[in-house]
Structure formats: structure tokens, C-alpha cells
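This report covers one protein model, taking its main pocket before its fold, its packing and a few single residues. The sequence and structure come first.

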Amino acid sequence: MPLCGPKKHKVWVWVAYDRLGRRVIAFETGCRGRATALKLWAKVRHLGAAIVCTDHYPAYADMVPKERHYTGKDGTQAVEALNSCIRHFLARFPRRSKCYSNSITMVK
């Protein structure tokens, strides 16, 4: 999670990932709340009857219809692997480091 502006302004990158096609479908940057989740959902809800796999974070339950929603770590391992690669190769996304990004434009 990079920081944008002062250190207290944290920005999360929400990623919609296609496990079968192994590709990022959409992403959204913003806070960790419902508003950013809904922005991402607006980008991917047109995909029809696809199953949405998430962790147990409460914001997902508000946006994804229950009949399409699966929660569990076994469904999120592909996107977690992607997050690990992003942290490894992009200096703007380290974990527990003094390196961070001050520019939302550079994050995008």
C-alpha cells in the first residue's frame, strides 16, 4: 500500500483479477472503504455470471451479489501471488519499508 502525499494519506490498490485468463481485468485506487469497492465493482459487474472470489473483508459483501460471491483464501491465492510480484518488482509497493510513493499518478 503506497502512501500518497503526507504519510497519513494511505492509498490502497484494489485489483480485479481473472484467474482463468491470468490477467488483471480492472483496478481502482483509493481508501479501503465501501466507496472504492463500489467504483471497482462498477468496472467489472458487466461480466455476467462470473463467480467473485474475495477474502472476508466486509466491503465485498456490500457490493457483490450473494449468489456470485465466494469467500475464502483458496479463491484469492492468484491475486495474492500477483500482489507479491508487484511488491517484488515495483519499488513503489514494498511492504514494511521506508520506500513509498507520494504521487497517486505514479501509482496508477
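By class, the residues that line the largest pocket divide into 30 nonpolar, five polar and ten charged. The model is predicted, and the values below are computed from it. In total, 45 residues line the largest pocket. Those nearest its centre are Trp-14, Val-15, Ala-16, Tyr-60 and Val-79. The space inside the largest pocket amounts to about 1,400 Å³. Two or more lining residues come from each of E1, E2, H1, E3, H2 and helix H3 (77-89). Strand E1 gives the largest share of the lining, with seven residues.

## Fold

The protein has four helices and four strands. In sequence order they follow the pattern β-β-α-β-α-β-α-α. Of the 108 residues in the protein, 30% are buried. Among contacts with a separation of 6 or more, 35% are between residues 24 or more positions apart.

## Helix H1 and what covers it

Which residues of helix H1 are buried? Within H1, which spans residues 34-44, they are Thr-36, Ala-37, Leu-40, Trp-41 and Val-44. Viewed down the axis of H1, these buried residues fall within an arc of 140°, so they line one face of the helix. The cover over the buried residues of H1 includes strand E1 (12-18), strand E2 (23-30), strand E3 (52-54) and helix H2 (58-63).

Met-63 belongs to helix H2 and is buried, with a relative accessible area of 11%. Leaving out residues up to four places away in sequence, Met-63 touches Ala-37, Leu-38 and Trp-41. Two of the names in that list, Ala-37 and Trp-41, are also buried residues of H1. Met-63 also lies 9.3 Å from Ala-42, C-alpha to C-alpha, with their positions 21 residues apart in sequence.

## Aromatic pairs

The model contains three aromatic pairs. How is the pair of Trp-14 and Tyr-60 arranged? The ring centres of Trp-14 and Tyr-60 are 5.5 Å apart and the ring planes stand at 70°; planes over 60 degrees apart count as edge-to-face, so this pair is edge-to-face. The pair links distant parts of the chain, since Trp-14 is in strand E1 and Tyr-60 in helix H2, 46 residues apart.

Both rings belong to buried residues: Trp-14 has a relative accessible area of 6%, and Tyr-60 has one of 18%. The cut-off for buried is under 20%, so Tyr-60 is included at its 18%. Trp-14 and Tyr-60 also form one aromatic cluster together with Tyr-57. Trp-14 and Tyr-60 are, in addition, among the residues nearest the centre of the largest pocket.

## Single residues in loops and strands

Arg-22 sits in the loop between E1 and E2. Although Arg-22 is not a glycine, it has a positive phi of about 50°. Arg-22 counts as exposed, at 69% relative accessibility.

The next residue treated here, Arg-23, is in strand E2. Arg-23 is partly exposed, with a relative accessible area of 49%; the limit for exposed is over 50%, so Arg-23 stays in the class between at its 49%. Not counting residues up to four places away in sequence, Arg-23 touches Ala-16, Tyr-17 and Asp-18. Arg-23 and Leu-82 are 59 residues apart along the chain, and their C-alpha atoms are separated by 9.3 Å.

Is His-56 buried or exposed? His-56, in the loop between E3 and H2, counts as exposed at 62% relative accessibility. Apart from neighbours within four places in sequence, His-56 is in contact with Thr-71 and Gly-72.

The table gathers the C-alpha distances given for these residues.

| Residue pair | Separation along the chain | C-alpha distance |
|---|---|---|
| Met-63 and Ala-42 | 21 residues | 9.3 Å |
| Arg-23 and Leu-82 | 59 residues | 9.3 Å |
| His-56 and Thr-71 | 15 residues | 5.9 Å |

Technical notes
Residues numbered from 1 in each chain as written. Predicted model: local features only at pLDDT ≥ 70, side-chain atom pairs only at ≥ 80, totals over all residues. Heavy atoms only, no water. Buried < 20%, exposed > 50% of the residue type's maximum accessible area, 1.4 Å probe, protein only. Arc of directions from axis to C-beta. Contact = heavy atoms within 4.5 Å. 1 Å grid on protein atoms, 1.4 Å probe; cavity = no way out; pocket = protein on both sides within 12 Å on 5 of 7 lines; lining within 4 Å. Points joined across faces, edges and corners; volume = space filled by probe spheres on them. Nonpolar A, V, L, I, M, F, W, Y, C, P; charged D, E, K, R; others polar. Phe/Tyr/Trp six-rings, centres within 6.5 Å; stacked < 30°, edge-to-face > 60°.
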